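Open the model in your viewer and keep the sequence panel at hand. We will go from selection to selection, and each stop says what is there.

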Amino acid sequence: MYLSLKTQKKLMPLLFLIPGLLFFAIFQIYPLLKGFQMSFLDWQIMPGKVSEFVGLDNYARAFNDVVFGRAFKNTLIYTLVTVPGQMIIAMIVAILINSLPKGKTLFRALYYIPVITSWVIVSLLIRYFFQSPNGIVNYFLVEVFHLVEKPLPWLRDPALAFVPILILGIWKGIGWSMVIYLAALAGVPKELEEASAMDGANGWQNFWHITMPLISPTIVFTMVMLLIGGFNVFISVYLITGGGPRQMTEVMLSYAYHQAFDFLDFGYGAALSYLMAALIITLSFLQIKLLRKPQEIY
Amino acid sequence: MKKRSYLFIALSAIIALSMLLAACTPTAPSVSEQEPQQPAQSNDSSSSSVEKEAAPVTISFWHAYNADVEAVYLEETLIPEFEAANPDVKVESVLVPYDQFRRKLLIALSGGTAPDLARVDIIWVPELADQGALANLEEVIPDFATYSEQFLPGPLSTNLYNGKHFGLPLDTNTRVMVYNKDMFAAAGIEKAPETMAELLTACEKIKTLGDDKFCFADGGTYAWAVNPWIWSFGGDVTDESITTSTGVFNGANTVAAYQFLKDNIENGYMHPGMLGGGVDSWGGFGQDQIAMLLEGPWFPPLFGGQFPDKEYGMTLMPAGDGGSVSVVGGEDIVMFQQSDKKDAATKFMKYLLSEETQLKLVSVGQMPVLKSAVESDTIKNHEFFGIFLEQLTTAKARTPHPRWSKIEEIMTNAGSAILNGEVSVKVGLDDAVSQIDPLLPIE
């Protein structure tokens with residue numbers, strides 16, 4: 001078969017795209033659609049059994065589920081604490097590293113190590129550190145710094161059990177935002193800073209009026225990405241507390257997973273995931289709409 | 001516009017293709033048509049000559065044998081021996097850690113890629129049978145009625161669902177009290193406690209050794225941990241017919257059991273790890289921080305590997321108003337409805353359940369389930385099985401129910417709330433009962 005040069009030129013890019021798209025379709029799009037279908041069924045895991053159509057029952061059930069409400073609240077808390085936590089600390093670290101006369105690469109690498117470390121390993125380590133009564137954190141609190149009288153029951157007390165998860169979430173994410181902020185800071189023209197310094201701006205004014213506006217698109221970008229990441233918190237909760245004690249630290253994903261894989265309630269689990277997806281899409285959309293301003297740099 | 005429509009066509013084609021591909025999952029025999037599988041007469045001499053010519057059939061066997069000792073023995077001794085005797089069957093051993101086992105199995109089942117055989121916790125059999133995942137062995141094994149007579153009745157009964165056997169027992173166990181001889185000597189305890197009152201006296205003495213010394217530790221408030229206490233106090237989770245938990249799980253005896261655990265955590269006798277967060281109980285036991293643990297027959301070989309010089313004794317669960325009642329554990333071997341190699345799987349199953357193999361498995365701490373094996377000299381003269389067999393005479397099994405996972409979660413949550421002092425014992429158990437009762441009827 002002969003194809004005209006024109007057709008060949010049109011076909012070529014598609015051919016190159018196919019492997020990636022195929023992969024994307026099979027492992028992303030298909031499960032996505034399948035999950036959507038499942039969320040309207042009383043899904044039966046055994047092949048051959050009939051899954052009954054239940055309409056919006058699975059979604060309705062979520063709104064009357066106390067534990068899901070708690071999971072939603074916990075996810076929100078996680079996001080509201082870890083996203084600003086990561087961004088502020090990452091910004092401070094980025095500015096400090098940026099002002100270093102030398103050794104930038106070393107510190108950048110050091111702060112980036114947590115990002116590339118496996119979630120599983122650090123989660124298990126954190127769980128180990130926060131053991132009670134004989135964990136290393138309790139040892140420092142009681143024996144070294146004398147901050148508390150008795151060892152704290154970290155993973156047993158619903159009020160305390162979420163703290164290690166938050167700490168891990170912030171610590172592990174700093175490096176990622178930092179690297180992006182460093183790149184953005186490197187793009188801030190030196191002349192502007194010099195000019196404003198000449199005009200008598202102090203360090204803080206310089207940062208607030210010159211640097212911040214210039215890197216604000218980057219900040220919005222990291223915020224959107226971190227927010228999505230925050231809502232997707234799962235491995236650390238699953239491994240550190242398992243949602244316990246008494247499902248008090250359950251987050252949306254861990255609860256959806258629990259319903260699907262422990263109780264075989266895949267329809268309900270899928271509905272919970274879709275509720276979360278709807279939330280994330282809405283939030284991300286609003287963020288980009290509200291926060292991204294047209295940039296006029298020069 | 002042109003470009004866009006191309007992309008759109010390409011994308012939709014790919015999506016359609018991916019759906020087609022995904023629809024091509026291996027076709028498993030559907031559950032609805034549970035035809036009696038008539039196994040071919042594999043012992044028939046005329047057909048066996050033909051079978052030998054053919055390539056061997058490979059069956060897969062999932063298990064959660066521990067990787068250090070048991071799985072090694074299975075893979076390096078038992079399977080080669082079986083394959084030598086049965087050249088027409090190859091066995092692929094798949095070790096799936098216990099805590100992931102149930103989930104991985106369910107995923108495999110839903111994808112139609114279940115193994116042929118699996119060694120599963122006795123407590124999972126009703127649920128798997130309820131899902132229609134398991135082959136009814138009364139149909140697979142023609143002489144099931146006579147074949148099954150050789151098993152101990154207790155372990156055999158864990159395979160019953162709707163009056164049919166969906167598995168056979170593979171090994172059994174229970175928990176007995178192991179005690180730290182050094183700590184007992186240091187605290188001046190002369191003999192192991194036999195009753196709850198003696199246990200309390202012993203704990204009082206252990207506590208004098210130091211604030212960071214604990215009399216007893218366990219990993220949580222799940223049934224495996226708390227049920228020995230509930231039963232020994234005369235309580236239970238449901239009534240005998242498994243129709244209600246009212247008046248049983250919130251009855252006076254169960255209340256007394258939880259009150260006992262709560263008091264002992266509050267006064268520091270029991271390690272607070274039971275409330276959640278876990279505890280390295282073997283490490284604590286080995287390093288003289290924990291004096292007593294409830295452990296199964298895997299404890300001596302495995303703990304001995306970690307702490308070879310540690311001296312410990314074993315005794316029965318301390319007796320309360322309900323006597324000395326521990327929890328029956330163990331595993332059943334089940335065959336999956338999806339398996340298309342039921343004959344070969346039956347051969348391997350029967351091999352594992354033969355008296356010879358059962359006695360061999362004793363060397364890695366597996367307690368046999370055959371009447372003949374239990375009465376054999378190997379067991380009678382075994383260095384530590386005696387105490388477990390004695391405990392098994394009174395031990396009880398956890399509620400065999402397809403919704404057991406949910407029931408157990410309610411129990412675990414209630415236990416944690418009670419022992420943490422967030423609700424009173426009675427209120428916590430009343431609340432649990434109101435959640436468990438609606439789960440019990442099987443439609």
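Select residues 252-266 of chain B. This is helix α12, in a predicted model. The helix has 15 residues. From first C-alpha to last, α12(B) reaches 21 Å, close to the 21 Å expected at 1.5 Å a residue.

Now colour its buried residues. They are T254(B), V255(B), A257(B), Y258(B), F260(B), L261(B), K262(B), N264(B) and I265(B). What lies over them? The cover includes four helices of chain B: α10 (196-207), α11 (223-232), α20 (404-419) and α21 (425-436). Show these together with α12(B).

Step just past the end of α12(B). There G268(B) takes a positive phi of about 80 degrees.

**α12(B) against α21(B)**

Keep α12(B) and add α21(B). How do their axes cross? They come within 10 Å and cross at roughly 125 degrees. That angle makes α12(B) oblique to α21(B), because it falls outside the parallel, perpendicular and antiparallel ranges. The crossing of α12(B) past α21(B) is right-handed.

Show side chains at the contact. From α12(B) come T254(B), V255(B), Y258(B), Q259(B) and K262(B). They meet V425(B), K426(B) and L429(B) of α21(B). By class, this contact has four nonpolar, two polar and two charged residues. Several of these contact residues are also buried, among them T254(B), Y258(B) and K262(B).

A general point helps when you turn the helix in the viewer. An α-helix has 3.6 residues a turn, so residues three or four places apart point the same way.

**On to α20(B)**

Select 404-419 of chain B, the helix α20 that helps cover α12(B). It has 16 residues. Its end-to-end C-alpha reach is 22 Å, close to the 22 Å expected at 1.5 Å a residue. Is α20(B) mostly covered or mostly open? It is mostly covered, with 14 of its 16 residues buried. After α20(B), pick G421(B): its phi is positive, near 80 degrees.

**Chain B as a whole**

Zoom out to chain B. How many helices and strands does it hold? The count is 21 helices and 11 strands. Of its 443 residues, 54% count as buried. Look also at contacts between residues at least 6 apart in sequence: 76% of them join residues at least 24 apart.

**Chain A: α8 and α9**

Switch to chain A. Select α8 (190-198) and α9 (203-231). Their axes are 10 Å apart, and the helices pack at an angle of about 160 degrees. That makes α8(A) roughly antiparallel to α9(A). Here, too, the crossing is right-handed.

Which residues meet? On α8(A) they are L192(A), E193(A), S196(A) and A197(A). On α9(A) they are N206(A), I210(A), T211(A) and L214(A). By class, the contact has four nonpolar, three polar and one charged residues.

**Two residues to pick**

Stay on α9(A) and click W208(A). Is W208(A) buried or partly exposed? It is partly exposed, with a relative accessible area of 45%. Now add M276(A), 68 residues apart from W208(A) along the chain. Their C-alpha atoms are separated by 35 Å.

Last, go to M91(A) in helix α3 (66-98) of chain A. At 9% relative accessibility, M91(A) counts as buried. Leaving out residues up to four places away in sequence, M91(A) touches Y181(A), F207(A), I215(A) and I219(A). Take I219(A) from that list. M91(A) and I219(A) are 128 residues apart along the chain, yet their C-alpha atoms are separated by 9.5 Å.

Terms used: Residues are numbered from 1 along each chain as its sequence is written. Chains are lettered from A and ligands numbered from 1 in the order in which they are written. This is a predicted model: local features need pLDDT of at least 70, side-chain atom pairs count only at pLDDT 80 or more; totals for chains, interfaces and linings use all residues. Side-chain values use heavy atoms; hydrogens and water are left out. Helices (H or I, at least four residues) and strands (E, at least two) are DSSP runs, numbered from the N terminus. The expected span of a helix is 1.5 Å times one less than its number of residues. Buried means under 20% relative accessible area, exposed over 50%, partly exposed in between (1.4 Å probe, protein chains only). Contact means heavy atoms within 4.5 Å. Axes are lines fitted to C-alpha atoms, for helices over the stretch in contact, and angles run from 0 to 180 degrees between N-to-C directions. Angles under 35 degrees count as roughly parallel, over 145 as roughly antiparallel, 65 to 115 as roughly perpendicular and the rest as oblique. A crossing is left-handed if the near helix is turned anticlockwise from the far one by less than a right angle, and right-handed if clockwise. Ala, Val, Leu, Ile, Met, Phe, Trp, Tyr, Cys and Pro count as nonpolar, Asp, Glu, Lys and Arg as charged, and the others, Gly among them, as polar.
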